[in-house]
Amino acid sequence: MAPKAGKAVVAALRDDIDRLLAAEPDVRADAEDSVHQMRVATRRLRSVLRSYRRLFHTKRAAATEAELKWLADLLGVARDAEVRAERFVDLLAEHDEVPDEVTQALVGASLDAYTDAHAEVLSALDGKRYRRLRKTLTAWRTDPPLDRDLARTPARKVFDGVVRRDRKRLRALVLAEPTAAPADRVELLHDIRKGAKRLRYSCEAAGTVLGDDATDLGSRAKRLQTVLGDHRDAVESREAILAAAATSPTATATLYELLADTEESAAGRAIAHYPAAAAFATAAD
């Protein structure tokens, strides 16, 4: 008998819920990469609820998605600061005799931002709002609020439709990029990255149902997401360097210029891979 959509989506949800709940103790202990792992699990869950929303009771799924966004945003502030600190450490390692004030302005400030953001995450994890979310997710591991009629629909039909819609959405964004105004291009590329991530997660959720086709498409979407993520990281790092330079002594201006130029080059190298990485989105099915 062909698998039903409800059973298949419950399995996808359960995997991501387990990832999220398993990451919580490590986040509390501030273990390496723990914030990243919990953030990814939270985003994956939210993405599955959005892509497969027709399978769920609309209001309850929307409410849980909103709570997942709240948690992902908190984790994102900490993760972004963590990434910047690591990036700045690597950048400064390429230069000899870096003044202490530059290290503090870049690495130190990012680490301080991470400490503050991590404290906010811990406060949230101890709060009623997160406890309600955790209780909801624990129940949804086996009994999410499914639309009973659609849940009985063959999984292949439903999952194939979801993947096609997510790919169509990404295709429209990719096709719009060449004509975007320069001032709008960075944000459009960010939207393309988010579209690629959504397609990746819907494909990964559909992997056991649709097989190699979904797995391959998800891998291509992941590649595009990675390329644009590298570009975004370099752009935001350069902006942070320029902001620090604006309030720093003139004596360190040359070093800041070198660091900003390095990140500009990194952004250029990353975006050079974009056309090839995005080609699958506009190719014929």
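The largest pocket holds about 1300 Å³ of space, in what is a predicted model. A pocket here is an open set of points on a 1 Å grid over the protein atoms alone, with protein on both sides within 12 Å along at least five of seven lines, and a lining residue has an atom within 4 Å of a point. Its volume is the space filled by probe spheres set on the points, with grid points joined across faces, edges and corners. There are 38 residues in the lining of this pocket, and those closest to its centre are Arg39, Arg43, Arg193, Lys197 and Gln225.

Which elements give two or more residues to that lining? They are α2 (34-51), α3 (58-92), α7 (155-176), α8 (182-210) and α9 (212-246). Helix α3 gives the most, with eleven residues. Helices in this text are DSSP runs of H or I with at least four residues, strands are runs of E with at least two, and both are numbered from the N terminus. By residue class, the lining of the largest pocket has 23 charged, nine polar and six nonpolar members. In this grouping Asp, Glu, Lys and Arg are charged, Ala, Val, Leu, Ile, Met, Phe, Trp, Tyr, Cys and Pro are nonpolar, and the others, Gly among them, are polar.

Before going further, a word on how to read the model. Residues are numbered from 1 along each chain as its sequence is written, and side-chain values use heavy atoms, with hydrogens and water left out. Because the model is predicted, local features need pLDDT of at least 70 and side-chain atom pairs count only at pLDDT 80 or more, while totals for chains, interfaces and linings use all residues. The mean pLDDT (the predictor's confidence in each residue, from 0 to 100) is 94 for the chain, and 99% of its residues reach 70 or more. Among the elements, helix α4 (residues 100-125) has the highest mean value, 97, and helix α6 (residues 148-151) the lowest, 87.

Now step back to the whole chain. It has eleven helices and zero strands, and its C-alpha atoms fill a box of roughly 70 × 50 × 30 Å along the principal axes. Of the 285 residues, 44% are buried; buried means under 20% relative accessible area, exposed over 50% and partly exposed in between, with a 1.4 Å probe and protein chains only. Among contacts (heavy atoms within 4.5 Å) between residues at least 6 apart in sequence, 81% join residues at least 24 apart.

The aromatic residues offer two examples of links across the sequence. Two aromatic pairs are counted, where rings of Phe, Tyr and Trp (its six-membered ring) pair if their centres lie within 6.5 Å, and planes under 30 degrees apart count as stacked, over 60 as edge-to-face and the rest as tilted. Tyr52 and Phe159 form a tilted pair, 4.7 Å centre to centre with 50° between the planes. Tyr52 sits in the loop between α2 and α3 and Phe159 in helix α7, 107 residues apart. Tyr52 is buried at 1% relative accessible area, and Phe159 is buried at 0%. The rings of Phe56 and Trp140 have centres 6.4 Å apart and planes at 10°, so this pair is stacked. Phe56 lies in the loop between α2 and α3 and Trp140 in helix α5 (residues 128-140), so the pair ties together parts that are 84 residues apart in sequence. Both Phe56 and Trp140 are buried.

Two single residues are worth a stop as well. Thr252 lies in the loop between α9 and α10 (253-272). Why does Thr252 count as buried? Its relative accessibility is 4%. Leaving out residues up to four places away in sequence, Thr252 touches Pro99, Glu101 and Val102. Asp73, in helix α3, is partly exposed, with a relative accessible area of 41%. The C-alpha atoms of Asp73 and Arg39 are 8.4 Å apart, with their positions 34 residues apart along the chain.

Finally, look for enclosed space. The structure holds one cavity of 30 Å³ or more; a cavity is a set of grid points where a 1.4 Å probe fits but cannot get out. The largest cavity has about 40 Å³ of space and is lined by Val186, Leu189, His190, Arg193, Leu228, His231 and Arg232. Helices α8 and α9 each supply at least two of these residues, and α8 gives the most, with four. This lining divides into three nonpolar, two polar and two charged residues.
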